[in-house]
Amino acid sequence: MAQTTTPCRWALLGLSSIAQTFVDDILLPRDSSDPISHIVTSVSTTGGQERAHKWLAERKVPNSQDVAVFATFEEMLKSGDFDVIYISTPHPLHYPHALAALNHKRNVLLEKPATMNRPQLERLIQVSKEQGVVFMEAMWTRYLPATLFLQQHIMPQIGPIRRVFADLSVPIASKDMDLTSRLLDKEAGAGAWLDMGIYCLAWADVVLNPDNENKKIPKVVFADSIPYYTGKEDVDDINTVVISGKSESSGQSSAIAIVTTSLTLAGSNKSADRLAVKKVGPSVKIEAENAQVCIPFPLIRPQELHVEWYGSEHLDEKGDAKAEVIKLPVERGWGLWYQADVIAKAVRDRKSENDQKPGLAIGEEESLRVMQWLDDARELAGIKYDPASEAV
Ligand SMILES: NC(=O)C1=CN([C@@H]2O[C@H](COP(=O)(O)OP(=O)(O)OC[C@H]3O[C@@H](n4cnc5c(N)ncnc54)[C@H](OP(=O)(O)O)[C@@H]3O)[C@@H](O)[C@H]2O)C=CC1
Ligand SMILES: O=C1OC[C@@H](O)[C@H](O)[C@H]1O
């Protein structure tokens with residue numbers, strides 16, 4: 001029987017920079033046998049009708065004239081005709097925007113970091129369940145082919161993990177940057193830890209917290225932060241965080257994650273495409289008993305796994321460890337569409353069932369563990385935001 005394609009109708013809260021990439025990605029041509037397609041039906045923007053239509057036309061949204069443009073997100077939540085809302089506003093607005101959407105029984109894909117802290121995230125998850133809708137943090141890296149292959153095929157073979165390094169340092173800050181940019185404005189949640197550290201922690205989570213109910217979750221044991229002075233205020237920049245998993249029997253560390261970020265280090269900030277720069281050295285290094293796995297920069301978008309096997313069965317004729325490069329490129333576009341497909345399928349499956357299903361938070365445990373690490377490291381390193389932005 002021929003498979004049918006289910007269109008997922010999207011609303012966008014904020015015509016942000018990342019919403020451009022997101023829309024470009026979800027609208028890429030697909031095979032007619034693909035079970036999911038995407039269409040943008042509603043947007044809300046503080047920028048007005050004219051800007052919205054220009055933005056949609058630039059993105060080559062095929063039905064751009066039919067997209068409903070709302071002046072406020074509240075109006076869109078009330079009367080917009082869509083299946084999922086993609087929220088890509090500055091970090092402190094994630095919680096109020098997502099809460100409002102969930103309270104209107106909307107399915108939500110919320111940009112990273114989902115919230116400013118764990119209590120806010122717990123509340124969103126609770127509300128999504130109460131309202132019977134789907135909620136997901138847009139931690140897109142987790143849904144890419146290289147990440148899934150590592151989890152499904154490599155991790156089961158490499159033995160106990162002993163250490164993982166994860167670094168995301170991209171020189172995005174510069175003295176000539178507008179101080180109202182969300183990357184520099186503390187009120188907009190600026191700082192390398194929330195913005196970039198979350199990706200490193202997602203990798204630490206993939207590696208140190210595989211599905212294993214009895215495993216204790218490793219804890220943040222060290223965090224230090226060197227700030228960057230923007231010309232107006234300090235934002236956290238060079239962060240170093242250590243997470244340790246202790247063995248229950250000996251009480252000693254059995255696995256360690258070392259996580260680093262910076263928004264000034266790692267080269268020139270003049271490249272327009274900083275995430276496409278070729279860099280020496282891995283951005284993730286996973287050291288296990290039977291092998292080491294490295295992932296080249298940038299860790300947000302893994303495309304290759306470099307595996308060096310240690311076991312005697314893997315040595316070559318000279319007795320050297322065998323190295324293997326496993327190429328797992330993003331199949332098309334930048335790769336934000338993989339996560340969009342995940343939530344679209346979940347929404348489709350729930351619609352096709354007659355009974356009202358309880359709500360679902362996709363990646364709930366993962367997002368909560370990472371958010372706890374974000375909070376704990378901030379506490380130790382003294383990374384603070386306006387308490388009002390952290391309220392539940
Ligand atoms: N997944 C990924 O790879 C990436 C994720 N991100 C994440 O996406 C989010 C957005 O980042 P980025 O694209 O750089 O942000 P931008 O600064 O480009 O855009 C943020 C948008 O939020 C909207 N906005 C701002 N203030 C308000 C307000 N008071 N009420 C309603 N809307 C508002 C505006 O949209 P409008 O003008 O239309 O009103 C603005 O354009 C962040 O959470 C960031 O961490 C960012 C980059 C990459
Ligand atoms: O999500 C992101 O990915 C790449 C970073 O450089 C950027 O600041 C961030 O928001």
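How many residues has α8, and how far does α8 reach from its first C-alpha to its last? In this predicted model, the helix has 15 residues and reaches 21 Å, close to the 21 Å expected at 1.5 Å a residue.

## Helix α8 and the loop before it

Six residues of α8 are worth listing: W337, Q339, A340, I343, A344 and V347 are buried. Around the axis they cover an arc of only 155°, which puts them on the same side of α8.

The loop between β14 (322–327) and α8 (337–351) contains P329. This proline has 13 other C-beta atoms within 10 Å and is partly exposed; a residue would need 20 or more to be buried. P329 and Q303 are 26 residues apart in sequence, while their C-alpha atoms are 4.5 Å apart in space.

## Helix α5

Helix α5 covers residues 118–131. Its 14 residues, at 1.5 Å a residue, should span 20 Å, and the end C-alpha atoms are 20 Å apart, which agrees. The buried residues of this helix are R118, Q120, L121, L124, I125 and S128. Seen down the axis of α5, they fall within an arc of 160°, so they line one face of the helix.

What covers this buried set? The covering elements include α4 (91–103) and α9 (364–381), together with the strands β6 (134–137) and β15 (360–362). After α5 comes G132, whose phi is positive, near 70°.

## Helix α6

Helix α6 is formed by residues 145–154, and in it A146, T147 and L150 are buried. Seen down the axis of α6, these buried residues fall within an arc of 105°, so they line one face of the helix. Which residues are exposed on the other side of α6? They are Q152 and H153.

The buried residues of α6 pack against one helix, α7 (192–208), and against the strands β12 (291–296) and β13 (304–309).

## The annotated domain

An unreviewed UniProt entry places the feature "domain: Gfo/Idh/MocA-like oxidoreductase N-terminal" at residues 10–137. Over residues 10–137, the chain is 43% helix and 22% strand. The end C-alpha atoms of this stretch are 16 Å apart.

## Surroundings of the two ligands

Ligand 1 is surrounded by 20 residues, of which the closest are G14, L15, S16, T45 and T46. Two elements, α1 (17–26) and α4, give two or more residues to this shell. By class, the shell around ligand 1 has 7 nonpolar, 9 polar and 4 charged residues.

Which residues surround ligand 2? They are V170, I172, D195, M196 and I300. By class, this shell has 4 nonpolar, no polar and 1 charged residues.

## Glycine 47

G47 is found in the loop between β2 (36–44) and α2 (48–58). With 15 C-beta neighbours inside 10 Å, this glycine counts as partly exposed. Leaving aside residues up to four places away in sequence, G47 touches L15 and A52; L15 is also one of the closest residues to ligand 1. The C-alpha atoms of G47 and N209 are separated by 42 Å, and the two residues are 162 residues apart along the chain.

## Backbone details in the loops

Two peptide bonds that lead into a proline are cis. The bond from K112 to P113 is cis, with omega near -20°, and P113 is found in the loop between β5 (107–110) and α5. A cis peptide bond also joins F297 and P298, where omega is about -5°; P298 has its place in the loop between β12 and β13.

Two lysines are notable for the sign of phi. Phi of K60 is near 60°, a positive value in a residue other than glycine. K60 lies in the loop between α2 and β3 (68–70). Is K60 buried or exposed? It is exposed, with 10 other C-beta atoms within 10 Å, because a residue with 12 or fewer is placed in that class.

Phi of K105 is likewise positive, near 60°. K105 is found in the loop between α4 and β5. With 13 other C-beta atoms within 10 Å, K105 is partly exposed.

How values were computed: Residues are numbered from 1 along each chain as its sequence is written. Chains are lettered from A and ligands numbered from 1 in the order in which they are written. This is a predicted model: local features need pLDDT of at least 70, side-chain atom pairs count only at pLDDT 80 or more; totals for chains, interfaces and linings use all residues. Helices (H or I, at least four residues) and strands (E, at least two) are DSSP runs, numbered from the N terminus. The expected span of a helix is 1.5 Å times one less than its number of residues. The arc is that of the directions from the helix axis to the C-beta atoms. Two residues are in contact if their C-beta atoms, placed from the backbone, lie within 7 Å. A residue is near a molecule or strand if its C-beta atom, placed from the backbone, lies within 6 Å of it. Ala, Val, Leu, Ile, Met, Phe, Trp, Tyr, Cys and Pro count as nonpolar, Asp, Glu, Lys and Arg as charged, and the others, Gly among them, as polar. UniProt positions are given in the numbering used here, feature names are shortened, and annotations may be inferred rather than shown by experiment.
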